[in-house]
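User: Could you walk me through this structure with a few short questions and answers? I'd like to see the reasoning behind each value.

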Amino acid sequence: PYIRLLINEIKIIITMLKNTNIGNRIKNNDQSDAETAYSYLKIGNEYYNKEDYNKALEYYEKSYEMYK
């Protein structure tokens, strides 16, 4: 329950950051970092779908750190 809410909030934040920053990062030849962050997000989604919320949160946090 609490961790699901936290994960949903992190996913929203990452989506907002992705929409505003990924284009700038790619233009600045930082595409590999953007791709890695997006990969972490996708891995987090897989763990979330498997209901392994702690592992999902770990990957969402990695993604968030790269996007911010």
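User: Happy to start with a charge and a ring: over the ring of which residue does the charged end of K62 sit?

Analyst: Good place to begin, and please keep in mind that this is a predicted model. For a charge to sit over a ring, NZ of Lys has to be within 6 Å of the ring centre and within 35 degrees of the ring normal. The charged end of K62 is 4.7 Å from the centre of the ring in question. That ring belongs to Y59.

User: Is Y59 buried or exposed?

Analyst: The cut-off for buried is under 20% relative accessible area. Y59 has 15% relative accessibility, so the residue counts as buried.

User: How many aromatic pairs are there, and is the pair of Y40 and Y59 stacked or tilted?

Analyst: The count of aromatic pairs comes to three. In the pair of Y40 and Y59, the ring centres are 5.9 Å apart and the planes meet at 55°. Planes under 30 degrees apart would be stacked and over 60 edge-to-face, so the pair of Y40 and Y59 is tilted.

User: Which parts of the chain does that pair tie together?

Analyst: The two residues are 19 apart in sequence. Y40 is partly exposed at 25% relative accessibility. Because Y40 and Y59 lie in different helices, the pair ties together α2 and α3.

User: What is the angle between the planes of Y47 and Y59?

Analyst: These two rings also form an aromatic pair, with 5.7 Å from centre to centre. The pair links distant parts of the chain, with Y47 in helix α2 and Y59 in helix α3, twelve residues apart. Y47 is partly exposed, at a relative accessible area of 26%. The pair is stacked, and the angle between the planes is 15°.

User: Which residues form one aromatic cluster?

Analyst: Y59 pairs with Y40, and Y59 also pairs with Y47. The members of the cluster are Y40, Y47 and Y59.

User: Let's zoom out: what pattern does the chain follow along the sequence?

Analyst: The chain has three helices and zero strands. Read along the sequence, the pattern is α-α-α.

User: Which helix supplies the largest share of the largest nonpolar core?

Analyst: This core has twelve residues, among them I3, I10, L41, L57 and Y60. Helices α1 (2-27), α2 (31-49) and α3 (53-67) each supply at least two of the core residues. The largest share is five residues, and it comes from α3.

User: With which residues is I10 in contact, leaving aside its neighbours within four places in sequence?

Analyst: I10 is itself a member of the largest nonpolar core, as are L57 and Y60. Contact here needs heavy atoms within 4.5 Å. With the neighbours set aside, the partners of I10 are L57, Y60 and E61.

User: And N45: how far apart are the C-alpha atoms of N45 and L57?

Analyst: N45 lies in helix α2 and is partly exposed, with a relative accessible area of 24%. Beyond its neighbours within four places in sequence, N45 is in contact with K11 and Y60. N45 and L57 are twelve residues apart along the chain, and their C-alpha atoms are separated by 9.2 Å.

User: Last one: what share of the accessible surface belongs to carbon and sulfur atoms?

Analyst: Of the 68 residues of the chain, 28% count as buried. The accessible surface of the chain comes to about 4600 Å². The share that belongs to carbon and sulfur atoms is 50%.

Definitions and conventions:
Residues are numbered from 1 along each chain as its sequence is written. This is a predicted model: local features need pLDDT of at least 70, side-chain atom pairs count only at pLDDT 80 or more; totals for chains, interfaces and linings use all residues. Side-chain values use heavy atoms; hydrogens and water are left out. A nonpolar core is a set of buried Ala, Val, Leu, Ile, Met, Phe, Trp, Tyr and Cys residues joined through side-chain atoms within 4.5 Å. Buried means under 20% relative accessible area, exposed over 50%, partly exposed in between (1.4 Å probe, protein chains only). Helices (H or I, at least four residues) and strands (E, at least two) are DSSP runs, numbered from the N terminus. Rings of Phe, Tyr and Trp (its six-membered ring) pair if their centres lie within 6.5 Å; planes under 30 degrees apart count as stacked, over 60 as edge-to-face and the rest as tilted. Accessible areas come from the Shrake-Rupley method with a 1.4 Å probe; for residues, only the protein chains shown count as cover.
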